[in-house]
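Here are a few exercises to work through with the structure open in your viewer. Try each one yourself before reading on.

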Amino acid sequence: MCSNKGGITYRDAGVDIDAGNKAVELMKAAVRRTYTPGVVGDIGGFGGLFSLAGFDMKEPMLVSGTDGVGTKLRLAIMMDKHDTIGQDCVAMSVNDILVQGATPLFFLDYIAVGKLIPEQVATIVRGVAEACEESGCALLGGETAEMAGFYGDGDYDVAGFAVGIVDKPRLLTGENIKAGDVLLGLPSTGVHSNGFSLVRKIVFDHKKMSLQDEIPEFGKTLGEELLIPTRLYPKAVLPSIRKGLLKGMVHVTGGGFYDNIPRILPEGTTARVNADAWPELPVFSKLQEWGNVDVKEMYRTFNMGIGMILVVDPENLAAVKAQLEKQNEAVYEIGRIEEAGAERVIMEGREFIG
């Protein structure tokens, strides 16, 4: 068959294979730094390989979770700042499998772009890789899709999934939670990666603010505050999980306190949470003020300064606190489990009075 030198190419259609190859070369070193002993092979295969041979467990179970960054991406694109979004992507999945007692093994990412800019994609993936290192899991593979005509130039989406392992006797289901158990809260770094549709509605549509606006209460610009990445909790929590000190965990994401806590509560129980038990982060008080948002709406949308909740038997309370303090982790006693009331979650504190 004769070649048609004047014919249309894939690049003419908006997909640059050479740019994709360059992006892979730029991210290789960061990806390889995440490799753990279970990784088999190297970058470039059709699938990532991971060996479970080194795990001494009676009943090993794999736990998986998937998520994306959501509309927080719009802020990163507006600011042309892409080095923190990768951590958001990893944290949303890794924290979700952590609450079931799983040790993260590996993560895979998916990045879809309108126009592939190698340096931009490599920056995103470096953030993913750094978060994987922090979480103790390998970045086992991923996919970058250039989707010309579907996403605008400069626009992109980032998603991924994590896989972890847990011995069935250590699986955290919440089924043994009972009245009298204590709720411990670990602080968040800020808004994390949920509620950004409401955030954008408040700051852009309602207040007509700019991401470059300096906010005295934040000590930084609005954009810098909102792009603080989601906190990674594996290092803080895994030691207590491995010692069998926890009865359940809650990753406080979309749905806030009202929708996430009931996911682990057995029938016949209620969680009572004291909102005065931890410091209020300025970002939440300002969002509530700027949008005149009802207090209950705040606590069912945002993490309000608590990103992870641990449910602990009172007999193990001192041991868990000591373990966390040994790791220089701030921890707050934020509530108790009670016999079932009219609601699954009862929020109390000065904000809820009246």
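**Exercise 1. Is F50 buried or exposed, and at what relative accessibility?** Then classify the ring pair that F50 makes with F106.

Keep in mind that this is a predicted model.

- Step 1: F50 has a relative accessibility of 19%. The cut-off for buried is under 20%, so F50 counts as buried.
- Step 2: Do the same for the partner. F106 comes out at 15%, so that residue is buried too.
- Step 3: Now the geometry. The ring centres of F50 and F106 lie 5.4 Å apart, and the planes make an angle of 45 degrees. Stacked needs under 30 degrees and edge-to-face over 60, so this pair is tilted.
- Step 4: Place the pair on the chain. F50 belongs to strand β2 (residues 49-50) and F106 to strand β4 (residues 103-113), so the contact joins distant parts of the chain, 56 residues apart.

This is one of six aromatic pairs in the structure.

**Exercise 2. Work out how the rings of F257 and W278 are arranged, and which further residue joins their cluster.**

- Step 1: Take the distance and the angle: 5.7 Å from centre to centre, with 10 degrees between the planes. That makes the pair stacked.
- Step 2: Find the two residues. F257 sits in helix α8 (residues 256-260), while W278 is in the loop between β11 (269-274) and α9 (282-291). They are 21 residues apart, and the pair links distant parts of the chain.
- Step 3: Check burial: both F257 and W278 are buried.
- Step 4: Add Y299, which forms one aromatic cluster with F257 and W278.
- Step 5: Look at Y258 as well. The charged end of K296 sits over the Y258 ring, 5.0 Å from the ring centre.

**Exercise 3. Reconstruct the four-stranded sheet and say which strands stand at its edges.**

- Step 1: Write down the order, β3-β6-β4-β5; the sheet is open and the pairing is mixed.
- Step 2: Count partners at the ends. β3 (60-68) and β5 (138-146) each have a single partner strand, so each has one side without a neighbour in the sheet.
- Step 3: Get the twist, which averages 15 degrees from one strand to the next.
- Step 4: Go inside the sheet. β4 pairs with strand β6 (residues 156-167) in the antiparallel sense over ten bridges, and F107 has A162 in β6 as its bridge partner.
- Step 5: Add the helix. Helix α3 (residues 85-98) lies across β3, β4 and β6, at about 30 degrees to β6.
- Step 6: Bring in the record. UniProt, in an unreviewed entry, lists residues 61-166 as "domain: PurM-like N-terminal". Over that range the chain is 38% helix and 37% strand, with the end C-alpha atoms 5 Å apart.

**Exercise 4. Do likewise for the six-stranded sheet: what is its order, and which helix lies across β7, β12 and β13?**

- Step 1: The order reads β10-β12-β7-β13-β11-β14, again an open sheet with mixed pairing.
- Step 2: The edges are β10 (248-251) and β14 (345-348); each has a single partner strand, so one side of each lacks a neighbour in the sheet.
- Step 3: Neighbouring strands here are turned by 25 degrees on average, direction ignored.
- Step 4: β10 and strand β12 (residues 306-312) pair antiparallel over four bridges, with V250 opposite I309 in β12.
- Step 5: The helix is α11 (residues 317-326), lying across β7 (182-187), β12 and β13 (332-339) at about 10 degrees to β7.

Technical notes
Residues are numbered from 1 along each chain as its sequence is written. This is a predicted model: local features need pLDDT of at least 70, side-chain atom pairs count only at pLDDT 80 or more; totals for chains, interfaces and linings use all residues. Side-chain values use heavy atoms; hydrogens and water are left out. Rings of Phe, Tyr and Trp (its six-membered ring) pair if their centres lie within 6.5 Å; planes under 30 degrees apart count as stacked, over 60 as edge-to-face and the rest as tilted. Helices (H or I, at least four residues) and strands (E, at least two) are DSSP runs, numbered from the N terminus. Buried means under 20% relative accessible area, exposed over 50%, partly exposed in between (1.4 Å probe, protein chains only). A charge sits over a ring if NZ of Lys or CZ of Arg is within 6 Å of the ring centre and within 35 degrees of the ring normal. UniProt positions are given in the numbering used here, feature names are shortened, and annotations may be inferred rather than shown by experiment. Two strands pair if DSSP finds at least two bridges between them. Axes are lines fitted to C-alpha atoms, for helices over the stretch in contact, and angles run from 0 to 180 degrees between N-to-C directions. Contact means heavy atoms within 4.5 Å.
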